[in-house]
Structure formats: structure tokens, C-alpha cells
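Got the model open in your viewer? Here is a walk through it, one selection at a time.

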Amino acid sequence: MSSAASSSKTDDAAALRRSRILSSPLYYDVPPSKVPLIYSSSYDIAFFGIEKLHPFDSSKWGRICRFLTKEGIMDQKHVVEPVEATKDDLLVVHSESYLKSLNSSLNVSMIIEVPPVAMLPNCLVQKKVLHPFRKQVGGTILAAKLAKERGWAINVGGGFHHCSSEKGGGFCVYADISLCIHFAFVRLNISRVMIIDLDAHQGNGHEMDFSDDRRVFILDMYNPGIYPLDFEARRYIDLRVEVKSGTATDEYLTKLDHALEVAEKRFDPDFIVYNAGTDILDGDPLGRLKISPDGIASRDEKVFRFARERSIPLIMLTSGGYMKSSAKVIADSIVNLSNKSLIDMKS
Ligand SMILES: [Zn+2]
């Protein structure tokens with residue numbers, strides 16, 4: 001192909017992406033009576049007990065909200081309900097062929113690492129697995145709009161950082177972070193995004209998607225000895241902080257302080273995506289780190305302080321961490337953010 005032909009093809013792709021973003025119903029006007037906390041009861045994945053075969057608590061999202069309600073800092077009627085991402089929305093980053101590959105239950109079962117899902121008719125997989133994920137994707141995308149308006153937003157789900165435009169894996173079927181950022185570029189007048197990925201695992205999905213995009217700066221703090229061991233994607237991390245198996249709270253938080261100091265000197269963001277996985281918790285069989293519940297609250301507080309003191313809009317995604325104890329730890333951390341006046345949960 002000549003370079004003129006290839007550049008016109010790139011222009012066409014960019015124009016198509018833009019028009020899909022501009023015509024999407026995912027951004028809608030949220031009334032001021034709502035708080036920028038996004039959740040839908042359809043986030044939770046549960047059917048025939050099959051979810052029990054996975055080491056994950058696949059209904060942690062609803063449990064986080066129930067804890068917040070019990071703590072008295074959240075009222076269900078003030079929560080923002082997102083719109084499900086449609087095929088047109090997903091095509092903003094994914095290819096037709098990738099989305100088509102999800103019509104195979106076997107494929108989905110491999111991405112989410114639940115082998116029995118391969119035996120189910122695809123219509124059931126769509127309804128019980130992919131629909132909840134698409135709702136969460138809608139939540140992550142809408143979170144950016146809310147954060148731009150209110151300063152912050154929390155999607156109680158999302159954070160599927162192992163999925164790139166062409167490849168899912170590690171329980172991540174859709175690239176919600178990449179989608180969210182492309183929507184923000186087009187609709188929110190945002191041009192410099194910092195991803196702060198503090199899930200225990202390396203965020204290889206967004207790293208592949210923004211490999212050559214200078215508008216996105218990636219700070220990734222992860223355990224280098226566990227999944228996904230994606231050495232190509234590691235080359236695209238702008239600030240890499242490795243935390244080895246067994247790392248305890250104090251050492252972890254010191255490393256985070258230092259990383260945020262360095263990141264600030266190297267990049268001046270107008271938007272922050274905070275991927276707040278809780279699989280760094282002590283006892284998590286996948287993350288293999290030893291961070292205490294209070295350590296998680298301090299970590300989240302540091303990131304919120306970093307963004308809020310500089311008036312940079314941020315979104316938080318809950319990402320990985322599916323032990324039975326995770327939901328309570330996340331809820332406690334949100335309560336702490338509210339107590340420290342880093343977020344305002346009153347409508
Ligand atoms: Zn993880």
C-alpha cells in the first residue's frame with residue numbers, strides 16, 4: 001500500500017471512531033441529585049452456581065454497595081445507573097473480528113477462565129456474562145464525564161486492564177479503560193491522561209492500546225512474577241514500579257509516594273484513570289502481596305489526594321481483587337475518602 005493510501009485509511013478510521021463516539025448514548029446528563037458513584041444491579045454475575053467454580057467473588061460489586069448503604073454513606077436512589085455499551089460503542093476500540101470471537105462460548109470461557117462456560121449456549125453467555133460486563137464498560141465511560149463535571153467519580157465495577165483492542169484475557173473481556181479514554185479525548189476536551197494502575201497485575205491491555213500514544217502516561221505498580229508476564233507490553237509503561245511477592249504495607253506505600261512524586265515531574269495530566277485493584281491484599285492467592293486493609297485505604301487516599309489537590313478530575317475503577325473480604329475493604333476505603341473530605345457522598 002502507498003503511504004498516501006495508508007494515511008487516508010487511518011484518517012477514515014479516525015473519522016469513523018469520532019462519529020461513533022459522538023453518536024453514542026453512553027454519555028447522558030446526570031441530574032445533580034445523584035452522586036458520582038456508578039453502579040447497576042446487573043453488574044453482578046451469578047447463574048446456576050457456576051460462579052462458585054471461579055476463585056472470584058463475582059458479586060463483589062453489589063456487596064460493596066450494600067456495605068456502603070449499611071454504613072449510611074450511600075442511598076441507593078442517588079447512585080448513577082449506566083447505560084450498557086452497544087456494539088457500536090465497543091467498535092470504538094475493538095475490531096469486528098474480536099467482537100465476533102465472543103460469539104464462541106469456548107472463547108469467552110478462556111478469557112474469563114471459567115472452563116464450564118464453554119458448554120453453555122452462547123445466548124446464555126451473552127445474557128449472564130457479557131451483558132454485566134458491557135454495563136460495567138458503560139459505567140467506566142460515563143465516569144469520565146461525571147469526573148469532569150464533579151471532580152471525581154467511582155465506577156463500582158470496571159478496570160478490565162488485561163483486555164486490549166484485539167485480545168481479552170485474565171477475566172477481562174472488554175477494554176473499558178481504552179474506551180473511556182478515547183471518549184474523553186473526543187467529548188471532554190481532554191488531551192493528557194495519566195493511568196495510575198495499582199492492581200497487583202500488570203495492565204497489559206491499556207499498555208498495548210496506548211503503546212505509541214504520547215497523550216497517555218502510564219504508571220504501573222505491579223508484581224512482576226505473576227500473570228500476565230507480558231514483556232512486550234512492559235516496554236510501553238512510562239513509569240514502572242515492581243513490587244515483588246511478599247511486599248508488605250509500609251514498603252508498598254513508600255514506593256507509591258515516590259512513584260507519584262516522579263510521575264508528577266514527568267507528566268502534567270488533565271485527567272487521571274485510577275485502576276484500584278484490591279488483589280494486593282494480604283492473602284490474595286493471585287496477587288501474592290501482603291497489603292493490609294488499612295494499607296488499601298491509605299493507598300486510595302494518596303491517589304485521591306494527589307488528584308484532588310491539583311484539581312485533576314479522576315475516576316476510580318475497582319478492577320481485580322475478588323476474595324470474599326475485598327468488597328468490605330473497598331467499601332471501608334470509600335468511607336475513609338468521604339471522612340477525609342476527598343469525596344462528597346451527599347447529593
Ligand atoms: Zn489483578
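**A cis bond, then the rest**

Start with P228, which sits in the loop between β4 (216-222) and α9 (231-234). Show the backbone here: the peptide bond from Y227 to P228 is cis, with omega near 5 degrees. Keep in mind throughout that you are looking at a predicted model.

**Zoom out**

Now colour by secondary structure. You should find 12 helices and seven strands. The radius of gyration is 19 Å, close to the 20 Å that the globule rule gives for 347 residues, so the protein is as compact as a globular protein of that length. Along the principal axes, the C-alpha trace spans about 55 × 50 × 45 Å. Of the 347 residues, 47% count as buried. If you draw a contact map, look away from the diagonal: among contacts with a separation of 6 or more, 73% are between residues 24 or more positions apart.

**Into the core**

In soluble globular proteins, nonpolar side chains tend to be buried together. Here the largest nonpolar core has 104 residues, and V173, C180 and I315 touch the most other members. Select helix α6 (residues 122-150) next, as this helix gives the most to the core, with 11 residues.

Then centre on V173. What is V173 in contact with, leaving aside its neighbours within four places in sequence? The list is L102, V108, I111, I112, L130, F133, F160, C163 and G168.

**A helix pair**

Two packed helices are described by the angle between their axes and the distance between the axes. Select helix α10 (residues 249-266) together with α11 (293-309). Their axes come within 10 Å and cross at roughly 10 degrees. An angle under 35 degrees counts as roughly parallel, so that is how α10 and α11 run relative to each other. To see where they meet, show T249, Y252, L253, L256, D257 and L260 on the α10 side. Facing them from α11 are G295, S298, R299, K302 and F306.

**Helix α12 and what follows**

Move on to α12, residues 326-339. This helix has 14 residues, and from first C-alpha to last it reaches 20 Å, close to the 20 Å expected at 1.5 Å a residue. Which of its residues are buried? Pick out S326, A327, V329, I330, A331, S333, I334 and L337. These buried residues pack against α2 (60-70), β2 (152-155) and α11.

Just after α12, stop at S341, which takes a positive phi of about 60 degrees. Is S341 buried or exposed? S341 is exposed, with 8 other C-beta atoms within 10 Å. Try a distance from here to R305: the two are 36 residues apart in sequence and 9.9 Å apart in space, C-alpha to C-alpha.

**Two more positive phi angles**

Go to N189, in the loop between α7 (176-187) and β3 (193-197). N189 has a positive phi of about 55 degrees although it is not a glycine. This residue is exposed, with 10 other C-beta atoms within 10 Å.

Last stop: R288, in the loop between β6 (271-275) and α11. R288 is not a glycine either, yet it has a positive phi of about 60 degrees. With 19 C-beta neighbours inside 10 Å, R288 counts as partly exposed; the buried class begins at 20.

Terms used:
Residues are numbered from 1 along each chain as its sequence is written. This is a predicted model: local features need pLDDT of at least 70, side-chain atom pairs count only at pLDDT 80 or more; totals for chains, interfaces and linings use all residues. Helices (H or I, at least four residues) and strands (E, at least two) are DSSP runs, numbered from the N terminus. A residue is buried if 20 or more other C-beta atoms lie within 10 Å of its own, exposed if 12 or fewer, and partly exposed in between; C-beta atoms are placed from the backbone. The expected span of a helix is 1.5 Å times one less than its number of residues. Two residues are in contact if their C-beta atoms, placed from the backbone, lie within 7 Å. The radius of gyration is taken over C-alpha atoms; the globule rule is 2.2 Å times the number of residues to the power 0.38. A nonpolar core is a set of buried Ala, Val, Leu, Ile, Met, Phe, Trp, Tyr and Cys residues joined through C-beta atoms within 7 Å. Axes are lines fitted to C-alpha atoms, for helices over the stretch in contact, and angles run from 0 to 180 degrees between N-to-C directions. Angles under 35 degrees count as roughly parallel, over 145 as roughly antiparallel, 65 to 115 as roughly perpendicular and the rest as oblique.
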